[in-house]
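Thanks for making time this morning. I would like to walk through one structure with its ligand, and then finish with a couple of backbone details.

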Amino acid sequence: MSEKLIISGNRPLEGEVSISGAKNAVLKLMAAALLAQDVSVIRNVPELTDVEIMLEVLECLGAKCKYDKENKTVEIDAKNLTSVYASDEFVSKMRASFVVLGSLVGRMKEAKVALPGGCKIGERRVDFHIKGLEALGAKCKIEQGYVCAKALELKGADICLDIPSVGATENIMLAAVLAEGTTRIQNAAQEPEIVDLANFLKAMGANIEGAGTNEISIHGVNLSDLHGVEYTTISDRIEAGTYMSAIIASRGHGIIKNVFPNHLTIFTGKLLEMGAKIKLIEPNVMEVSSNSRLLPMNFITQPYPGFPTDLQALAMALLSTSNGISVVTESLYENRFMHISELWKMGANIKQNKNHAIIKGVEYLVGTSVCAPDLRAGAALVVAAIMARGESEITGLHHIDRGYEKFTEKLKGLGVCVSRVCDDNDLSVLKMRDKSGTQI
Ligand code: EPU
């Protein structure tokens, strides 16, 4: 049964929130745990549907997993992998699971992994992943929706990515850990999640230099050099950016705990430029507030350390009521403006021209029914609803549940007037089913 959020907006927030572990880091660490013939424990794991899907993928490969939600830990015993086949049933639901390809090719020298799914924010090709694995010596082909890779042996290589793809950098890194010799990834992605993965692998016994810069060197080690680890993942920068946006949208005041401010430098800078007040009161605690209409601002999404594409929709929601005209350019994904038509319904004045959006700030938004078209766009609609006069209903929550742990509770902790209820439309469908006894 699907559910919806009901938010009563236009009231200043006051409260606090603690940021969870980073979805896009933890999922990759889970795949990396497959590399060692041992047991690894990952801490600070957020309770998300994507984590559940990843556990299913790992179990299908023969790993034995224990998920302790209360203590936020996942234990992965990868002593005996029994399969190299990651089925479409899971991988098509979530792009991150595609990184099991690198781990399987590295450890088993063979993999059959379904082409990835995830949010429909663009074409999201995997050609750089495949070229990278081929450079290491794997023969890859795409057959009936699966990437099939096989290698007699893997040898280190120099690989220059056309663009600094996060997923390709991760897959190549994972495969190169057990390759013979040195692999150099040039134009590598520099995201904090890449650094987290490298730190996890290094703790396991891998030899990696340069993560966090645009050139990463992986010096291959033997399988016997790798061992299980206990590792705590980083805090989620996109979740933190979401709650910063929510507080600012409401012209309220809030405390954000367990945040890694260095991962949010450009976003924080842009919010300050818009007139928000942001203060670091402890190394991982931020005080965020705003008490007036925001100023307009222009930005272009870029790979890290540039403006994160994952916060583009949230920033656009904020700009929709700013005092002037803003221009937003999305340079990573060709279909990451799906929130625009939903924001229109709330009264926003936004014109889209290819990958540019011109936002003419209106004085206020008006609450209405909207549907989350993807994960981050869904979060942006929640922020818009917090700003809007009156009540909003947000459906499509399965997208939001992929990336935000205990979202309703955390919003309530910040003072948002929100409830999560069954979708009436679903209820009426059910009633009709009851009456006729047949499915509609
Ligand atoms: N690209 C290719 N070929 C490839 C790989 C990528 O053309 O082989 C293109 C993509 O189509 C895209 C661009 O390169 O236009 C960047 O893609 P990248 O590979 O960097 O992204 P990703 O690994 O698929 C991760 C996050 C995304 C986040 C991006 C950019 C995960 C699971 N996903 O995706 O997060 O937007 O990096 O930072 O780590 C989200 O959390 O909502 C989300 C979408």
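In this predicted model, the shell around the ligand takes at least three residues from domain 1, which covers 3–20 and 235–427, and at least three as well from domain 2, which spans 23–232. Altogether 24 residues surround the ligand, and the closest of them are Arg95, Asp127, Ser165, Asp310 and Leu332. Taken by class, that shell holds nine nonpolar residues, five polar ones and 10 charged ones.

Turning to the secondary structure, at least two shell residues come from each of helix 1 (23–32), helix 5 (127–135), helix 6 (166–176) and helix 12 (375–387).

Now for the individual polar contacts, which side chains approach the ligand's oxygen atoms and which its nitrogen? On the nitrogen side, a ligand nitrogen atom is 2.7 Å from an N or O atom in the side chain of Asp127. On the oxygen side, Asp310 places a polar side-chain atom 2.5 Å from an oxygen atom of the ligand, and for Arg376 the corresponding distance, again from a polar side-chain atom to a ligand oxygen, is 2.8 Å. As for burial, the ligand on its own has 830 Å² of accessible area, of which the protein covers 91%, and the pocket in which the ligand sits is the largest one.

Let me close with the backbone, and with two places to inspect in the loops. The peptide bond joining Tyr304 and Pro305 is cis, with omega at about 10°, and Pro305 itself belongs to the loop that runs between strand 18 (299–300) and helix 10 (312–319). The other place is Asn44, a residue other than glycine whose phi is nonetheless positive, near 70°; Asn44 is found in the loop between strand 3 (39–43) and helix 2 (49–60).

Technical notes
Residues numbered from 1 in each chain as written. Predicted model: local features only at pLDDT ≥ 70, side-chain atom pairs only at ≥ 80, totals over all residues. Heavy atoms only, no water. Near = heavy atom within 4 Å. Polar contact = N/O pair within 3.5 Å; in protein donor to acceptor, adjacent residues only side chain to side chain. Areas by Shrake-Rupley, 256 points an atom, 1.4 Å probe, with all protein chains shown as cover. 1 Å grid on protein atoms, 1.4 Å probe; cavity = no way out; pocket = protein on both sides within 12 Å on 5 of 7 lines; lining within 4 Å. Sits in = over half its atoms within 2 Å of the grid points. Helix = DSSP H or I, 4+ residues; strand = E, 2+ residues; numbered from the N terminus. Nonpolar A, V, L, I, M, F, W, Y, C, P; charged D, E, K, R; others polar. Domains from an automatic or database assignment.
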